[in-house]
Amino acid sequence: QVQLEESGGGLVQPGGSLRLSCGASGSIFRINGMGWYRQVPGKPREFVATITSGGSANYADSVKGRFTISRDTAKNTVYLQMNSLKSDDTAVYYCNVEAVAFNGSRVVAAGYWGQGTQVTVSS
């Protein structure tokens, strides 16, 4: 089993910054990709950024140059530094982790989602 704990969301003014964190715990053998997605009511969840086990990052065009994803492999934690925030960035942000873990009966490779953290950009 893998548990994800997110933190760092909140209310910020346009142009401000926030840093999201997501820590993974449980019977983890290996974590491969880690990433962030976001969703607003009435719309599908959308890709924000991902980072591979080797540290290669990929970003949605809408956040390039403003957001930075990073990971601490020793802590099984992924971060999202969000700068120059805009009202369009308002959403619930979800952490996603691709991990090889023991699920109670066998070792499987699967994707796991965090519970989501609200980010609101408003003056």
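This report walks through a predicted model, going from its strands to its disulfide and then to its surface.

## The four-stranded sheet

Let's begin with an open sheet. Four strands make it up, in the order β1-β3-β8-β7, and their pairing is antiparallel. The edge places go to β1 (2-7) and β7 (67-72); each has a single partner strand, so one side of each has no neighbour in the sheet. Averaged over neighbouring strands and ignoring direction, the turn of one strand against the next is 15 degrees.

If you want a closer look at one pairing, take β1 and β3. These two strands run antiparallel, with β3 covering residues 18-26, and six bridges join them. To find your way in the viewer, pick Gln3, which has Ser25 of β3 standing opposite.

## The disulfide

How many disulfides does a search of the whole structure find? The count is one. Cys22 and Cys95 form the disulfide, and their sulfur atoms are 2.1 Å apart. A disulfide, as a reminder, is a covalent bond between two cysteine sulfur atoms. For those who like dihedrals, the angle about the S-S bond is -75 degrees, and the link of Cys22 and Cys95 is left-handed.

Which strands does the link connect? Cys22 belongs to β3 and Cys95 to β9 (residues 91-102), so the pair ties together parts of the chain that are 73 residues apart in sequence. Are these cysteines buried or exposed? Cys22 has a relative accessible area of 0%, under the 20% cut-off, so Cys22 counts as buried. Cys95 is also at 0% relative accessibility and buried.

## Around β9

The strand that carries Cys95 deserves its own section. Nine of the twelve residues of β9 are buried, so the rest of the structure largely encloses this strand.

What does β9 pair with? One partner is β4 (residues 28-39), which pairs with β9 in the antiparallel sense over nine bridges. In that pairing, Ile28 stands opposite Ala101 of β9. Another partner is β11 (residues 117-121), joined to β9 by three bridges and running antiparallel to it. There, Ala91 has Val119 of β11 as its bridge partner.

Then there is β10 (residues 107-113), again antiparallel to β9, with seven bridges joining the two. Ala99 stands opposite Ala110 in β10. The hairpin of β9 and β10 has four residues between the strands, and in this hairpin Gly104 takes a positive phi near 110 degrees.

## A nonpolar patch

Now for the outside. Phe29, Phe102 and Val107 make a nonpolar surface patch of about 300 Å². Phe29 sits in strand β4, the strand that pairs with β9 over nine bridges. With a relative accessible area of 59%, Phe29 is over the 50% cut-off, so this residue counts as exposed.

## Loops and positive phi

Some backbone angles here may catch your eye in a Ramachandran plot. Most residues other than glycine have a negative phi. Asn76 is not a glycine, yet its phi is positive, at about 50 degrees. Where does Asn76 lie? Its place is the loop between β7 and β8 (77-82). At 24% relative accessibility, Asn76 is partly exposed.

Ser84 is another residue other than glycine with a positive phi, this one near 50 degrees. Ser84 is found in the loop between β8 and β9, and 39% relative accessibility makes Ser84 partly exposed.

Ser84 also offers a handy distance check against Gly65. These two residues are 19 apart along the chain, and 9.3 Å separates their C-alpha atoms. Gly65 is in the loop between β6 (57-59) and β7. Is Gly65 buried or exposed? Its relative accessibility is 86%, so Gly65 counts as exposed.

## From Gln1 to Gln118

One last pair spans much more of the sequence: Gln118 and Gln1 are 117 residues apart along the chain. How far are their C-alpha atoms separated? The distance is 25 Å. Gln118 is placed in strand β11, the strand joined to β9 by three bridges. Its relative accessibility is 39%, and Gln118 counts as partly exposed.

Definitions and conventions: Residues are numbered from 1 along each chain as its sequence is written. This is a predicted model: local features need pLDDT of at least 70, side-chain atom pairs count only at pLDDT 80 or more; totals for chains, interfaces and linings use all residues. Side-chain values use heavy atoms; hydrogens and water are left out. Two strands pair if DSSP finds at least two bridges between them. Axes are lines fitted to C-alpha atoms, for helices over the stretch in contact, and angles run from 0 to 180 degrees between N-to-C directions. A disulfide is a pair of cysteine sulfur atoms within 2.5 Å. Buried means under 20% relative accessible area, exposed over 50%, partly exposed in between (1.4 Å probe, protein chains only). Patches are made of residues with over 30% relative accessible area and no salt bridge: like charges are joined within 9 Å, nonpolar side chains (Val, Leu, Ile, Met, Phe, Trp, Tyr) within 5 Å. Accessible areas come from the Shrake-Rupley method with a 1.4 Å probe; for residues, only the protein chains shown count as cover. A salt bridge is a side-chain nitrogen of Lys or Arg within 4 Å of a carboxyl oxygen of Asp or Glu.
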